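Colleague: Could you take me through one part of this model closely, namely the nonpolar core and the sheet, and explain how the pieces fit together?

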Amino acid sequence: MGSKYSHVFSPIRIRGVDFKNRIELAPPSLNLCSPDHLVTDAFVDCNRSFAYGGAAILTVGNVMIDIAECMNEELQLDMSSDDCILPLSKFALMCEGYGAHASLEINHGGKDSQVYRTGRPAYAPSSYYSSWELMSAKRDGREPMKTIEMSIDKIHETVEKYAQATLRAKKAGMRMAMIHCGHGNLISQFSSPLYNFRTDEYGGSLENRARFTIEVLDRVRELCGEDFVIEARISADEIKPGGMPYEETLKYIALIQDKIDILHVSAGIHGEFEYMKYWWQNYMMDREYNVHYAASIKKEFPNLLINTVGSIMSLDRAEEIIASGKADFVSMCRPLLADPDMPRKYAEGREDDHRPCLRCQCCAPGEHRSISCAVNPFLGKEREFPLGKVRKADEKKRYAVVGGGPGGITAAQILCDRGHDVTLYEKSGRLGGALYYGSLPSFKQDLADYIKYLNRQAEKCGAKILLNTEATREMLEKENYDGVIVAIGAEPVFPNVPGIDRPNVFWAPEVDAGEKPCGQKVVIVGGGAVGLEAAIDLKRAGKDVTVIEMLDSYAGLYSSARAVASELISLIGELKLDVRLGQKLAEVTEDGVICEDVKTGEKQSIPADTVLLAIGMKSRWAEADELRRACPETSSFLIGDCLYVGKNVMSATDGALNAAGYM
């Protein structure tokens with residue numbers, strides 16, 4: 001019997017190519033290629049999880065047509081020579097074995113090619129200082145370099161590089177490819193008035209600006225033939241003032257519609273940080289953020305197959321999108337990174353086992369780091385854990401896990417999957433740890449869904465769960481466990497100032513949870529994400545809120561919560577929230593607080609009946625060190641915040657896998 005998701009799992013044939021369903025892995029940057037930028041076994045095995053999980057199309061992101069010219073990631077795939085074909089064929093054959101299609105996002109970064117990687121100025125439609133280069137030059141302490149305006153010969157050479165790169169994909173066994181025509185990469189730099197200042201046949205009118213796109217698509221079709229599916233990714237609206245707006249995009253689509261088979265509709269641009277969020281939404285933004293563009297374009301071009309993307313978080317939402325005619329395909333990146341098995345789970349009626357994405361941006365490619373995920377610690381480690389699974393242990397043992405946060409619950413799951421007898425101790429009456437508090441602000445739905453998932457998995461995994469039980473060394477020693485994983489987290493920092501022990505001083509998240517009372521006049525100490533999130537919800541609830549922060553700027557916010565910093569700062573402005581920078585807490589008084597200007601030492605009083613602290617956390621090292629001695633020392637592990645205070649969930653779940661995956 002088939003599933004109830006009949007639209008998602010409806011097959012379709014395009015140019016004689018069979019697609020088993022309508023789900024595409026939107027292109028992630030894996031950083032799993034070899035140093036010479038070829039496919040590796042780790043690359044194939046990572047993708048194997050998505051193929052096994054049930055997606056019909058597996059697209060690899062940011063694949064370069066010439067790495068020497070346009071490199072902008074450390075270990076991205078290079079398609080500039082036939083050397084790529086044989087290694088790439090392993091990827092294509094693997095996908096075919098699962099009834100899926102391998103695909104590549106064929107790209108050239110143009111203005112955003114990184115000088116420190118290529119050793120040369122970036123090529124672009126016109127010559128200017130790109131935002132990315134200005135930022136990079138400032139960081140590297142060098143003079144910025146203008147982009148090189150491409151000559152006509154260079155344009156023709158680059159058109160051929162796009163086509164040859166795509167042909168190599170076909171020679172490797174692929175039946176489709178995605179040509180990246182959006183997000184401010186080279187093709188869209190030509191089509192956008194934001195970056196194209198040319199006065200020749202490639203600049204000026206939309207028809208001229210679209211000429212490069214058309215030449216690339218025509219040459220790809222010429223070389224790859226009529227039996228090859230071309231998907232084109234566009235930004236429906238670049239959103240930045242001066243860029244290509246939606247109305248002009250419709251005219252652009254009209255020019256290319258007969259040259260493509262699937263139109264992949266996104267929005268926003270690379271290389272301009274404040275506009276990246278429109279193609280890579282954070283947890284404070286609406287879900288399904290760009291679906292309305294796809295739906296509108298589908299109405300304008302009913303005969304064109306439309307693929308939509310952008311915070312589509314689950315398969316039931318994908319089903320609704322396709323069933324209602326908003327799109328023909330649904331692409332997901334981060335939700336499938338979080339749970340590659342999502343399509344399989346929904347098809348088999350196991351929706352409750354779906355591991356939700358946090359939209360926390362931990363999967364962003366970084367220096368010397370391959371793809372990773374805060375909630376899926378197996379991602380990028382498929383060589384050690386094929387298909388994201390642990391193997392059964394050779395011998396069943398008894399283990400204790402202390403702490404019921406994300407690290408503890410994940411460790412308990414993994415130990416149970418290994419076949420062990422597991423007991424989890426949690427001193428409070430609920431699971432979730434400090435993450436529970438983080439899920440309480442009104443705009444933290446993604447995190448709230450993850451807390452629900454953790455609770456379901458704790459109930460189902462087979463571990464014995466002891467709530468309201470504070471584990472001690474003596475208690476654990478009495479049970480004679482073979483090993484102990486300590487995941488007791490961190491505790492809030494209370495500064496050593498007069499009055500800090502007054503009865504109206506609390507840790508800010510405790511008020512969010514309704515565990516502590518809150519008066520009308522509130523001072524929050526700490527202008528990081530925790531403090532500002534609490535302030536926003538309290539202000540919306542009608543409280544008189546003042547935030548004091550030692551730093552004289554929001555630099556700390558950008559370093560610790562970069563993905564949402566601009567949203568938080570924007571809300572501060574909208575709500576007219578009183579945030580006083582450069583002020584440190586000096587004393588808590590009977591009537592409020594006294595704060596001190598960090599630069600001048602000048603003091604001022606702020607009236608308050610409630611003082612909330614959000615200045616940081618510290619590891620519970622003393623308690624953790626005692627608990628780790630309750631079993632043979634080589635079989636005890638500290639994970640998560642009780643080892644090092646982390647900035648995200650990933651430190652906890654990674655620690656859980658590293659500890660429990662081999663026990």
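Modeller: A nonpolar core is here a set of buried Ala, Val, Leu, Ile, Met, Phe, Trp, Tyr and Cys residues joined through side-chain atoms within 4.5 Å, and buried means under 20% relative accessible area. Please keep in mind throughout that this is a predicted model. The largest nonpolar core has 139 residues, and the members that touch the most other members are Phe91, Leu104, Ile179, Phe212 and Ile297. Helix 6, which covers residues 152-171, gives the largest share of this core, with 7 residues. If we take Ile297 as an example, and leave aside residues up to four places away in sequence, its contacts are Ala236, Tyr246, Leu250, Ile253, Leu263, Val265 and Ile306. There is also a second, separate core of 27 residues, and among its members are Tyr283, Leu532, Leu538 and Tyr554. As general background, nonpolar side chains tend to be buried together in soluble globular proteins.

Turning to the sheet, we find an open arrangement of 5 strands in the order 15-14-13-16-27, with parallel pairing. Its edges are strand 15 (464-466) and strand 27 (636-638), each of which pairs on one side only. On average, neighbouring strands of this sheet are turned by 15 degrees against each other, direction ignored. Helix 16, residues 406-417, packs on the sheet and touches strand 13 (398-402), strand 14 (421-425) and strand 16, while its direction makes about 170 degrees with that of strand 14.

Strand 13 deserves a closer look, because 4 of its 5 residues are buried, so that this strand is largely enclosed by the rest of the structure. On one side, strand 13 is joined to strand 14 by 5 bridges, the two running parallel, and within this pairing valine 402 has tyrosine 425 of strand 14 as its bridge partner. Strand 13 is also joined to strand 16, again in parallel, by 4 bridges, where valine 401 has isoleucine 485 of strand 16 as its bridge partner. The connection between two of these strands can be described as well, since strand 13, helix 16 and strand 14 make a right-handed β-α-β unit.

Following the order of the sheet to its edge, strand 16 (residues 483-486) is joined to strand 27 by 3 bridges, and these two strands run parallel. Here the bridge partner of valine 484 is serine 636, which lies in strand 27.

Notes: Residues numbered from 1 in each chain as written. Predicted model: local features only at pLDDT ≥ 70, side-chain atom pairs only at ≥ 80, totals over all residues. Heavy atoms only, no water. Pairing = 2+ DSSP bridges. Axes fitted to C-alpha atoms, helices over the stretch in contact; angles between N-to-C directions. Contact = heavy atoms within 4.5 Å. Buried < 20%, exposed > 50% of the residue type's maximum accessible area, 1.4 Å probe, protein only. Right-handed = clockwise from strand over helix to strand, strands pointing away.
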